[in-house]
Amino acid sequence: MSELNWANWTCPLPLRDYPQIVLGHGGGGKLSAELVEHLFLPAFGNDTLARLSDAALLHAPPGRLAMTTDSFVVRPLFFPGGCIGDLAVNGTVNDLAVSGAEPLALSVSFILEEGLPLAQLGQIVQAMAEAARAAGVPIVTGDTKVVERGHGDGCYITTTGLGVVGPGVDLGPDRARPGDAVVLSGSIGDHGVAILSVREGLEFETVITSDTAALNGLTTLMLRACPRIRAMRDPTRGGLAATLNELATRSGVGIVIDEDAVPVDAPVRGACELLGLDPLLVANEGKLVAVVPAADAPGLVAAMRTHPLGERACIIGTVTEQWPGLVVVRTALGGQRVVTLPVGEQLPRIC
Amino acid sequence: MKYLTEFRDGKLASKLAEQIRRSVTRRWTIMEVCGGQTHSLIRHGIDQILAESVELIHGPGCPVCVTPIELIDRALAIAALPEVTLCSFGDMLRVPGSATDLFAVKSRGADVRVVYSPLDALRLAREQPARQVVFFGVGFETTAPANAMAIVQAKRLGLRNFSMLVSHVLVPPAIEAIAASPTNRVQAFLAAGHVCTVMGIEQYLPLAQRYRLPIVIAGFEPLDLLEAIRRAVVQLEAGRAEVENAYARVVEPRGNRTAQAMLAEVFEPTDRTWRGIGMIPQSGWRLRPAYRDFDAEYRFAVGAIRSTESPLCKSGEVLQGLLKPHQCPAFGQQCTPRTPLGATMVSSEGACAAYFNYGRLVQLGTPPATASTAATAATASAATNPRSSEVAKVTGVGR
């Protein structure tokens with residue numbers, strides 16, 4: 001990946017004159033233009049963006065257009081395994097990917113707080129550029145605003161993604177049917193615990209890193225291996241529990257999962273026990289859940305395991321007629337419990 | 001992984017459950033005192049697995065649930081003061097006071113922070129000398145040593161901007177209040193292991209003798225709980241009433257003497273009102289006069305606090321084991337985790353929240369087809385609880 005070359009700026013008033021973001025960087029004047037010319041263009045470099053017109057013009061292949069948007073306000077901006085930049089790219093790419101779409105292009109909108117060190121913005125932009133390249137999706141248009149100090153948390157990013165759902169692909173959260181299998185692409189809880197560990201200054205024996213990654217490569221492979229996939233979702237905020245509850249509600253079915261079958265890495269499990277959190281409710285940024293006809297599940301899992309992001313793919317449960325709208329976990333002890341959504345954020349317990 | 005997987009072994013658990021089933025000649029009523037145990041029992045479905053042999057009653061051992069509403073209201077008033085940073089454990093934030101909760105006060109501009117230890121609050125006080133940092137010090141004997149430590153350190157450092165709103169509650173007086181009540185149905189207690197880690201087990205000897213009740217010190221993992229229940233059942237069947245330590249890997253009979261000395265230095269016993277239950281004599285700790293400078297109740301004159309409980313909330317009866325959460329008319333209706341009327345619906349350790357989140361299968365009364373043991377358990381539970389199908393109907397679960 002190419003590093004930004006801070007030494008070779010050609011502008012007579014280089015960005016270096018302002019080591020921090022000032023209000024003028026969002027004013028649409030010279031400072032704004034410098035930000036575009038010396039930071040965004042070199043990092044995101046693609047022909048569509050380079051035209052700098054008011055709107056990016058794209059060629060769309062045949063199929064239905066998919067469009068999604070997401071805002072990123074993560075604190076802190078940098079965390080083990082990633083930063084707000086790659087998160088903003090991967091999050092939106094993944095929303096397209098699990099809808100069965102091939103991502104075409106992204107837009108990015110920055111809201112920067114006066115005083116944000118320019119070097120930090122540089123790192124964030126660089127991370128976005130690398131994530132976009134890794135996903136193979138260009139960032140084709142963007143906007144920057146600056147708010148006064150104290151009115152933002154350093155940097156907020158909104159990304160919008162456009163994609164195309166090819167002919168024959170039809171996924172939806174309302175399509176799960178009794179008898180279907182529920183497939184998970186890997187271990188859960190990593191992102192949420194990674195964020196918590198830096199946000200709260202908690203130290204664990206091993207560094208837990210975020211799983212942020214773009215899933216479009218994996219979903220393309222999955223749809224090719226198993227065109228009958230009924231639904232895919234990426235379990236971000238609210239974790240696996242929120243995703244399964246949504247599938248159960250929207251499809252009017254029950255979902256039963258085996259607690260033992262859901263992979264949770266030891267450090268994540270330990271951290272969750274310590275804090276009184278349920279890993280099923282902790283956020284992920286590089287995982288997906290798929291609902292498929294049971295007969296297709298073993299083949300799909302085998303195919304997923306050939307992809308680096310699906311190496312630990314497994315079947316975690318089944319869709320059932322019983323308990324429509326509920327997600328039920330079979331515990332290792334043979335008991336069962338209903339998993340619901342938390343009202344707000346999960347709260348660490350007293351003792 | 002050490003201490004996580006070993007004590008959750010499904011095969012061993014089945015063996016223990018089978019032993020319990022075989023050793024009972026009747027169905028026994030056992031109360032687990034601690035909310036952490038309630039959480040674990042329901043999370044792992046142990047109450048269902050044992051439903052034929054044992055009725056588990058969920059006790060008052062959830063600090064969030066029993067903290068008096070007057071104190072919550074006082075915390076809310078203190079948090080609203082502009083100079084104050086109020087630090088609290090996470091699950092206190094959603095506990096309803098008379099009119100609002102800490103989350104709502106925070107959204108209106110109050111500086112309310114979630115911390116994991118009172119020592120974090122102490123550090124905050126050192127870092128922000130211009131702010132008054134108040135720690136909301138609730139909990140049983142388990143959380144008390146760290147709170148005492150924070151107070152001792154604050155005094156040593158001469159911190160003038162650190163104080164604590166203290167509402168400590170104690171387990172033995174609560175067990176005594178339940179055992180002595182004329183309506184008591186509890187035949188044996190599982191005592192809270194972590195409380196005993198600090199205080200030892202001696203305090204329970206006179207209780208077991210006086211009230212002829214077995215008291216078994218229990219841990220929190222599924223195997224710990226099953227083993228403790230097994231020992232309680234063996235005692236009950238044999239007509240014995242003794243104190244037994246089923247959590248010996250953690251609990252020393254004499255407890256932690258260093259911690260006890262520090263607790264005695266900082267706190268003194270006091271009468272304490274338990275939310276929903278009422279005043280229990282000498283059932284709490286407050287700061288000794290020597291540490292009054294660090295007592296937030298004295299430092300902040302927030303005026304007369306007038307507290308009112310929801311008239312619908314029956315959490316007191318739930319906490320005393322007189323009512324199952326779903327037998328409360330407001331359960332799942334006016335009272336849900338989203339709109340809690342009482343603290344038992346808020347805390348993840350609260351019996352009402354535990355029932356709402358995890359126990360809905362039992363209320364549905366539909367035997368699950370997938371696991372045969374749980375199926376029997378759920379049916380048995382529905383049979384012994386004639387209201388269960390009715391409750392399922394009124395709560396509209398399974399929409």
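**Gly238(A)**
I started with Gly238(A) and asked whether it is buried or exposed. It has 20 C-beta neighbours inside 10 Å, so I put it down as buried; the cut-off for that is 20 or more. This is a predicted model, so everything I note here is computed from it. Gly238(A) sits in the loop that links β8 (231-233) to α7 (239-251) of chain A. I then looked up what it touches beyond four places in sequence, and got Leu281(A) and Leu341(A). Leu281(A) is 43 residues away along the chain, yet the two C-alpha atoms are separated by 5.0 Å.

**Odd backbone spots in chain A**
Most residues other than glycine have a negative phi, and most peptide bonds are trans. I went looking for exceptions.
- Leu52(A) is not a glycine but has a positive phi of about 50 degrees. I found it in the loop between α2 (47-50) and β1 of chain A. It has 13 C-beta neighbours inside 10 Å, so I logged it as partly exposed.
- Trp323(A) also isn't a glycine, and its phi is positive at about 50 degrees. Its loop runs between β11 and β12 (327-330) of chain A. I counted 22 other C-beta atoms within 10 Å, so Trp323(A) is buried.
- Arg75(A) and Pro76(A) are joined by a cis peptide bond, with omega about 0 degrees. Pro76(A) lies in the loop between β1 (64-72) and β2 (78-79) of chain A.

**Helix α9 of chain A**
Which residues of α9 (297-304) are buried? I got Ala297(A), Leu300(A), Val301(A) and Met304(A). Looking down the axis of α9(A), I see these buried residues fall within an arc of 100 degrees, so they line one face of the helix. That spacing fits the general rule: an α-helix has 3.6 residues a turn, so residues three or four places apart point the same way. On the face turned away from the buried side I found Gly299(A) and Ala302(A), both exposed. The cover over the buried residues of α9(A) includes β7 (181-184), α6 (216-225), β10 (289-292) and β11 (314-320) of chain A.

**The two domains of chain A**
Chain A splits into domain 1 (14-165) and domain 2 (181-338). Their centres, over C-alpha atoms, are 28 Å apart. The contact between them uses 21 residues from domain 1 and 23 from domain 2. On the domain 1 side, the elements giving two or more residues are α3 (84-97), β4 (101-113) and α4 (118-135). I noted α3(A) as the top contributor there, with 7 residues. By class, that side of domain 1 has 12 nonpolar, 6 polar and 3 charged residues.

**Over to chain B**
I tallied 19 helices and 11 strands in chain B. Of its 399 residues, 56% are buried. For contacts in chain B with a separation of 6 or more, 77% are between residues 24 or more positions apart.

I checked α8 (144-157) of chain B for length. Its 14 residues at 1.5 Å each should span 20 Å, and the end C-alpha atoms are 20 Å apart, which agrees. Its buried residues include Ala144(B), Asn147(B), Ile151(B) and Ala154(B). Right after α8(B) comes Gly158(B), with a positive phi near 65 degrees.

**Cores**
The largest nonpolar core has 121 residues, and Ala75(B), Phe189(B), Ala191(B) and Ile229(B) touch the most other members. I followed up Ala191(B): beyond four places in sequence, its contacts include Val33(B), Val171(B), Tyr204(B) and Ile217(B). There's a second, separate core of 105 residues, with Ile111(A), Leu116(A), Ala181(A) and Cys272(A) among them.

How values were computed: Residues numbered from 1 in each chain as written. Chains lettered and ligands numbered in written order. Predicted model: local features only at pLDDT ≥ 70, side-chain atom pairs only at ≥ 80, totals over all residues. Core = buried A, V, L, I, M, F, W, Y, C linked by C-beta atoms within 7 Å. Buried ≥ 20, exposed ≤ 12 C-beta atoms within 10 Å, placed from the backbone. Contact = placed C-beta atoms within 7 Å. Helix = DSSP H or I, 4+ residues; strand = E, 2+ residues; numbered from the N terminus. Arc of directions from axis to C-beta. Domains from an automatic or database assignment. Nonpolar A, V, L, I, M, F, W, Y, C, P; charged D, E, K, R; others polar. Expected span 1.5 Å × (residues − 1).
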